[in-house]
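Work through the following exercises with the sequence and the model in view, and compare your reasoning with each worked solution.

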Amino acid sequence: MEVIIRPDADAAAELVARVIAKDLRANPHLVLGLATGRTMEKVYRHLVRMHRNEALDFSLCSTFNLDEYVGLSPEDPHSYRHYMNEHLFRQVNIAPLNTHLPNGLAPDLEAECRHYEAAIAKFGGIDLQMLGIGQAGHIGFNEPLSALRSRTRVKALTPTTIQQNGPLFGGEDKVPRRAITMGVGTILDTRRCLLLATGKEKAYIIARAVEGPITALISATSMQLHPRCTVVVDEEAAGELQGVDYYRWIFENEPEWAEFR
Ligand code: F6R
């Protein structure tokens, strides 16, 4: 795991977008794992800008989103399919057939979860997975106590998550109680992860995720087991990390990061 600290939220999001763009240019058939949420909106803004101004081409890539609410139709403005259409898919040249999210309306949710795993495998696995982090440490909707080897499944949302997402739904009572999410094991199988966290409200959980012991109580700690996970934070989200001097040294000195400095 490595930690990159950028001065502010926009610079952190831009770095994530630039890493994605670099990988997409190197491999136009990239299989990209996507996340939703407020933090990711800035990343998508940068990707759309790069598509428009720098000819970043999405025509051959495929995407798999981490999660979708159970019970929401793709047209529902609160669904993650709607979010992705608005923030990315409709604004770049991606083929709609190459974009995948779990179907929260599937009559057989367990079968839907199995199909989602099979579809990821059919595409050869996920090359680059974007991740956000919830304030209780979830990645995707892998709520506390999610098994570290879990696969795509239906998960009940915790009160913290419902509270966190309440404002987006116009009230906590309107937030769906369940979601389909890739499992921690599914995420650990991806070839590379980029976890983005910004703002001081993420400082406590980022310190636990990066420097705390691995525990199913905080799904994001599982990223310590991932062979290639980069955590990108702004100064505020880095506020409670102990090892910042070392993390800054890596970014300033390692050749891999030279083009991103
Ligand atoms: C959503 C997802 C979630 C969010 C997390 C942070 O697809 O994967 O884990 O990344 O809840 O959300 P924000 O960015 O809104 O704080």
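**Exercise 1.** Determine how many nonpolar, polar and charged residues make up the shell around the ligand in this predicted model.

*Solution.* Sorting the shell by class gives 4 nonpolar, 8 polar and 3 charged residues. Of the 15 residues around the ligand, those that come nearest are Thr36, Thr39, Asp67, His138 and Lys202.

**Exercise 2.** Find the distances from oxygen atoms of the ligand to polar side-chain atoms of aspartate 67, lysine 202 and glutamine 164, and then state how much of the ligand the protein buries.

*Solution.* Begin with aspartate 67, where a side-chain N or O atom lies 2.7 Å from an oxygen atom of the ligand. Continue with lysine 202, which places a polar side-chain atom 2.8 Å from a ligand oxygen. For glutamine 164, the distance between an N or O atom of the side chain and an oxygen atom of the ligand is 3.5 Å. The ligand taken alone exposes 410 Å², and the protein buries 95% of that area. As to its location, the space that the ligand takes is the largest pocket.

**Exercise 3.** Count the disulfides, and explain why cysteine 113 forms no such bond with the closest cysteine.

*Solution.* Applying a cut-off of 2.5 Å between cysteine sulfur atoms, the count comes to 0 disulfides. The closest cysteine sulfur to that of cysteine 113 belongs to cysteine 193 and is 19 Å away, which is too far for a bond. Cysteine 193 is likewise in no disulfide, the nearest cysteine sulfur, in cysteine 229, being 5.2 Å away. Turning to accessibility, cysteine 113 counts as buried at 5% relative accessibility, and cysteine 193 is buried with a relative accessible area of 0%.

Note on methods:
Residues are numbered from 1 along each chain as its sequence is written. This is a predicted model: local features need pLDDT of at least 70, side-chain atom pairs count only at pLDDT 80 or more; totals for chains, interfaces and linings use all residues. Side-chain values use heavy atoms; hydrogens and water are left out. A residue is near a molecule or strand if one of its heavy atoms lies within 4 Å of it. A polar contact is a pair of N or O atoms within 3.5 Å; within protein, one must be able to donate a hydrogen and the other to accept it, and residues adjacent in sequence count only if both atoms are side-chain atoms. Accessible areas come from the Shrake-Rupley method with a 1.4 Å probe; for residues, only the protein chains shown count as cover. On a 1 Å grid over the protein atoms alone, a cavity is a set of points where a 1.4 Å probe fits but cannot get out, and a pocket is an open set with protein on both sides within 12 Å along at least five of seven lines; lining residues have an atom within 4 Å of a point. A molecule sits in a cavity or pocket if more than half of its atoms lie within 2 Å of its grid points. Ala, Val, Leu, Ile, Met, Phe, Trp, Tyr, Cys and Pro count as nonpolar, Asp, Glu, Lys and Arg as charged, and the others, Gly among them, as polar. Buried means under 20% relative accessible area, exposed over 50%, partly exposed in between (1.4 Å probe, protein chains only).
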